[in-house]
Amino acid sequence: MAAAGLTGGLVRLADSRAAGLPAAGQVIRAAQRPPAPGISGATLTGGHLNIAAWRGHTVVVNFWGSWCVPCRKEAPVLRRVAGDTHSLGVRFTGIDIREEPSAGRAFEQQYLIPYPSISDPGNLLAVWFGTAAPVATPSTYILDGHGRIAWAWFGATGYSQLELAITEVAPP
């Protein structure tokens, strides 16, 4: 069992390096944080979201799809962490990839997702991340208040892991 966990961790580390980032699951030192791309687009509800408007806040960006089994398991975790870190000024957004908005809206309603998601049926926003692009679905990034990538995880994240990373990145 321990060997399986260790192997999974090594795969995650290799994945993060392949994505041009330091080890996944570790908060990146401020001096080494790469800039995040501009992320904006039409939301699943028909509005428009530009996360540049959230500059100064810690922002969690989660790439997901309703067709993704690990995304379904992760959705309640993200909802809970979003609620528990709201008092820190943390903002959450999803990027719903490779499907039509109606499927994403149904997913958000089913899992009671309280934050907006950008519809990205062509999975084009991932390309904007360049060498730091997601290498799995789901993938989660934490951006610091300066718009830099401070943390990344490729695959489903857990409550304790995400909440701890957010508290390390978010200003006191």
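## Exercises on a predicted protein model

This is a predicted model; the protein chain has an average pLDDT of 89, and 88% of the residues score at least 70. Let's work through it together.

### Exercise 1: Where to be careful

Find the stretch where pLDDT stays under 50, and decide how to read it.

**Solution.**
- Step 1: The stretch is residues 1-18.
- Step 2: Look at the contacts beyond four places in sequence: the model has 14 of them for residues 1-18.
- Step 3: Where pLDDT is low, predicted coordinates should not be read in detail.

### Exercise 2: The overall layout

Count the helices and strands of the protein chain, then write down their order.

**Solution.**
- Step 1: The count gives five helices and seven strands.
- Step 2: Going along the sequence, the order is α-β-β-β-α-β-α-β-α-β-β-α.
- Step 3: Now turn to contacts between residues at least 6 apart in sequence: 68% of them join residues at least 24 apart.

### Exercise 3: Two helices side by side

Describe how helix H2 packs with helix H5.

**Solution.**
- Step 1: Locate the helices: H2 covers residues 69-85 and H5 covers residues 159-169.
- Step 2: Their axes lie 10 Å apart at an angle of about 35°, and the crossing is right-handed.
- Step 3: H2 brings Val77, Leu78, Arg80, Val81, Asp84 and Thr85 to the contact, while H5 brings Tyr159, Leu162, Glu163 and Ile166.
- Step 4: Sorted by class, the contact of H2 with H5 has six nonpolar, three charged and one polar residues.

### Exercise 4: Inside the protein

Which residues touch the most other members of the largest nonpolar core?

**Solution.**
- Step 1: Of the 172 residues in the protein chain, 47% count as buried.
- Step 2: The largest nonpolar core has 50 residues, and Val61, Phe63, Phe92, Tyr141 and Ile149 touch the most other members.
- Step 3: Elements giving two or more residues to this core include E3, H2, strand E4 (91-97), helix H3 (101-111) and H5.
- Step 4: Zoom in on isoleucine 149: beyond four places in sequence, its contacts include Leu21, Phe129 and Tyr141.
- Step 5: As background, nonpolar side chains in soluble globular proteins tend to be buried together.

### Exercise 5: Two serines

Is serine 66 buried or exposed? Ask the same of serine 139: buried or exposed?

**Solution.**
- Step 1: Serine 66 sits in the loop between strand E3 (59-64) and H2, whereas serine 139 is part of strand E6.
- Step 2: Buried means under 20% relative accessible area. Serine 66 counts as buried because its relative accessibility is 18%. Serine 139 is buried too, with a relative accessible area of 0%.
- Step 3: Leaving out residues up to four places away in sequence, serine 66 touches Arg72, Asp96, Glu99, Ala103 and Phe107. With that exclusion, the contacts of serine 139 include Val61, Phe63 and Trp153.
- Step 4: Serine 139 and phenylalanine 63 are 76 residues apart in sequence, yet 5.2 Å apart in space, C-alpha to C-alpha.

### Exercise 6: Unusual backbone angles

Which peptide bond is cis, and what is the phi of arginine 98 and of asparagine 123?

**Solution.**
- Step 1: Recall that most peptide bonds are trans, and most residues other than glycine have a negative phi.
- Step 2: The cis bond joins threonine 137 and proline 138, with omega about 5°. Proline 138 belongs to the loop between H4 and E6.
- Step 3: Arginine 98, not a glycine, has a positive phi of about 55°; its place is the loop between E4 and H3.
- Step 4: Asparagine 123 also has a positive phi of about 55°, in the loop between strand E5 (117-120) and H4.
- Step 5: Arginine 98 counts as partly exposed at 42% relative accessibility, and asparagine 123 counts as partly exposed at 21%.

Technical notes: Residues numbered from 1 in each chain as written. Predicted model: local features only at pLDDT ≥ 70, side-chain atom pairs only at ≥ 80, totals over all residues. Heavy atoms only, no water. pLDDT = per-residue confidence, 0-100. Contact = heavy atoms within 4.5 Å. Axes fitted to C-alpha atoms, helices over the stretch in contact; angles between N-to-C directions. Helix = DSSP H or I, 4+ residues; strand = E, 2+ residues; numbered from the N terminus. Left-handed = near helix turned anticlockwise from the far one by under 90°. Nonpolar A, V, L, I, M, F, W, Y, C, P; charged D, E, K, R; others polar. Buried < 20%, exposed > 50% of the residue type's maximum accessible area, 1.4 Å probe, protein only. Core = buried A, V, L, I, M, F, W, Y, C linked by side-chain atoms within 4.5 Å.
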